[in-house]
Amino acid sequence: MTDERIKELELKANDIRMSIIDMLEDAGSGHTAGPLGMTDIFTAFYFELLNHDPQNPDWDERDRLILSNGHIVPVRYATMAHAGYFPLEELTTLRKFGSRLQGHPERHKLPGVENTSGPLGTGLGQAAGMALGLRMDGKKNRVYCLTGDGELDCGNIWESAMFAGHHKLSHLTAVVDRNNIQINGFTENVMSLGDLRGKWESFGWHVIEVDGHNIESFVDAVHQAHAIQEKPTCIIAHTIPGKGIKEIENEFEWHGKPPGAEEEQRFLKELRTLRGKIEASHAQ
Amino acid sequence: MINQNIHLNSNLFDTDKLDQAATRDGFGKGLVEAGEANENVVALCADLAESTRAHWFKEQFPERYVELGVAEQNLAAVGSGLANYGKIPFIMSYAAFSPGRNWEQIRSTITLNDVPVKIVGAHAGVSVGPDGATHQALEDIATMRVLPNMTVVVPADSEEARKATLAIAENGKPSYIRLARAKTPVFTTTATPFEIGKPQVVYQGQHPKVGIIACGSLVYQSILAAEALKHDGVGVSVMNLSTIKPMNESAVADFARTVDIIVTAEEHQVAGGMGSAVAEVLAKHEPKRMVFIGMQDRYGESGDPDELLKHFGFTKEGIVNRIKEELA
């Protein structure tokens with residue numbers, strides 16, 4: 001990737017973060033930390049990696065992006081709007097009556113949302129089912145499943161991990177948002193995940209660990225996953241919950257609350273400053 | 001009087017002359033036929049291929065058969081993904097485990113997601129027999145019919161199970177089909193019509209006082225009970241309500257209008273089951289005195305299927321006695 005392209009994507013991610021702050025403050029409820037932490041990865045998917053068509057969301061030849069931890073959906077909505085799936089103005093309808101932007105995503109409400117999710121642990125099985133269907137038909141489309149790390153407490157995830165490993169679903173890639181927080185606190189205090197890489201490997205997966213805020217590294221990791229032919233790949237993306245807003249980064253209290261009006265102004269100001277920093281860093 | 005329009009077996013009252021087959025057998029045949037008719041039909045099984053009769057499909061279409069292992073939650077989720085992609089997945093296990101164990105996955109990934117997964121719950125009811133209460137699903141009608149978008153079908157015999165399987169393969173909706181392990185008389189024929197949401201009055205009593213609405217193996221036992229009560233001078237009509245959802249409210253209300261008492265009969269808990277569904281309809285359209293034959297808020301136990309069916313009143317005699325008691 002050229003430096004110019006990386007800068008472009010970083011600036012796009014910054015715009016998406018601003019939309020997330022704006023829509024969450026407007027909604028008055030929702031999750032802040034996870035969406036901000038996964039913004040760089042969503043940007044990489046929608047603006048660099050996915051084979052998709054925002055004007056034709058049901059296009060048969062599209063890659064499938066399955067969101068398992070539905071509560072971080074503001075980042076999906078914001079990224080989709082920036083990618084042209086629907087007007088940016090609609091983002092402010094998040095969580096409101098009659099909106100297509102449900103608090104947790106619903107497949108039938110908004111074209112381009114592949115699956116209904118929110119109850120944790122069910123995305124990987126759905127992604128595996130799609131990957132299996134594609135393989136039965138001899139199709140090459142990729143299936144990606146984004147999961148949280150707290151979500152890995154669910155037994156269902158490991159049933160699905162075992163299944164995908166057993167059936168060697170090599171065109172399936174899971175991305176674990178390893179941000180170390182869940183509602184009740186730090187993951188290692190609430191329910192330790194221990195040797196996460198070893199767990200996935202023992203279930204028959206190829207594992208890559210990456211900095212989830214380095215867009216170029218993440219894109220490289222996904223390309224590497226494409227080259228693994230004999231097993232599915234799990235990318236453990238190390239992320240910072242609340243990324244971009246210093247005062248909330250790594251604070252698990254921000255898992256499930258939105259910014260207030262004053263906080264919104266402060267956070268947006270910080271992101272505007274960050275925009276300048278991104279531009280300056282690439283000018284050097 | 002038998003309803004001549006539905007072509008029931010001509011030896012209807014001569015049980016010894018009727019073939020005996022389990023509804024799971026009819027399902028197994030129907031699944032192979034559905035697979036022949038539509039190449040998108042796929043079968044997923046949670047380590048119970050032979051007892052759910054999934055193995056017949058596996059022999060015919062190995063490339064469309066998927067092993068899941070003992071993982072019912074994943075069974076539902078993978079089925080959801082396949083259906084979302086465009087396949088018609090039948091997901092198979094015992095009803096006690098699927099939909100018993102994976103109700104939440106069914107709710108969020110199948111019915112709320114609204115994708116056409118076909119949930120096959122085998123070994124429902126006390127007629128499972130010696131395996132005992134753990135394996136005798138008695139709650140599945142309740143837990144499935146409460147879900148929006150779901151179709152719920154309980155076939156009355158093996159032949160109806162075959163037809164119901166073909167019907168749900170093509171209905172484009174999340175669907176649940178409830179099957180039994182034990183062999184029961186096959187009293188319908190290939191000529192008997194079947195349509196989702198179309199209950200049939202299988203036996204018409206003379207000046208009927210009682211109307212029995214039954215599903216599953218209790219439909220045939222109810223016909224025998226109606227015939228026996230005729231000789232005692234009690235008019236009884238019988239309806240086969242094999243589709244519990246979507247409920248045909250007008251057919252049920254019209255049937256109730258012809259009788260004084262409605263008796264529901266099912267191998268399921270009385271709370272929340274088919275009888276409750278009928279009561280919901282009648283409370284709105286045609287309030288009636290009702291008798292609920294079913295499991296009376298208790299679990300089953302080990303034993304020979306016939307012994308258990310008799311013990312819990314799921315036989316002709318049990319139904320006759322319960323109706324006589326009510327009329328006394």
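This passage walks through chain A, its contact with chain B, and one residue of chain B. The model is a predicted one, in which local features need pLDDT of at least 70 and side-chain atom pairs count only at pLDDT 80 or more, while totals for chains, interfaces and linings use all residues. Residues are numbered from 1 along each chain as its sequence is written, with chains lettered from A and ligands numbered from 1 in the order in which they are written.

Chain A has 10 helices and seven strands (DSSP runs numbered from the N terminus, with helices being H or I of at least four residues and strands E of at least two). Its C-alpha atoms fit in a box of roughly 50 × 45 × 45 Å along the principal axes. The radius of gyration of chain A is 18 Å, which agrees with the value near 19 Å for a compact globule of 284 residues (taken over C-alpha atoms, the rule being 2.2 Å times the number of residues to the power 0.38). Of the 284 residues in chain A, 51% are buried (20 or more other C-beta atoms within 10 Å of a residue's own, with C-beta atoms placed from the backbone). As for contacts in chain A with a separation of 6 or more, 76% link residues 24 or more positions apart (a contact means C-beta atoms, placed from the backbone, within 7 Å).

Now to a pair of helices in chain A. H1(A), residues 3-27, packs against H3(A), residues 39-49, at an angle of about 120°, and their axes are 9 Å apart (axes are lines fitted to C-alpha atoms over the stretch in contact, and angles run from 0 to 180 degrees between N-to-C directions). The two helices are therefore oblique to each other (neither under 35 degrees, nor over 145, nor 65 to 115). On the H1(A) side, the residues that meet H3(A) include Leu9(A), Ile16(A) and Ile20(A), and their partners in H3(A) include Ala44(A) and Phe47(A). The residues of this contact split into six nonpolar, two polar and four charged (Ala, Val, Leu, Ile, Met, Phe, Trp, Tyr, Cys and Pro are nonpolar, Asp, Glu, Lys and Arg charged, the others, Gly among them, polar).

Between the chains, the contact draws 22 residues from chain B and 20 residues from chain A. On the chain B side, H4(B) gives the most, with 10 residues. That side divides into eight nonpolar, 11 polar and three charged residues.

Finally, Ile106(B) sits in helix H5 of chain B. It counts as buried because it has 30 C-beta neighbours inside 10 Å. Beyond neighbours within four places in sequence, Ile106(B) is in contact with Ala76(B), Pro99(B), Thr111(B), Ile119(B) and Leu147(B).

Technical notes
Contact = placed C-beta atoms within 7 Å. Buried ≥ 20, exposed ≤ 12 C-beta atoms within 10 Å, placed from the backbone.
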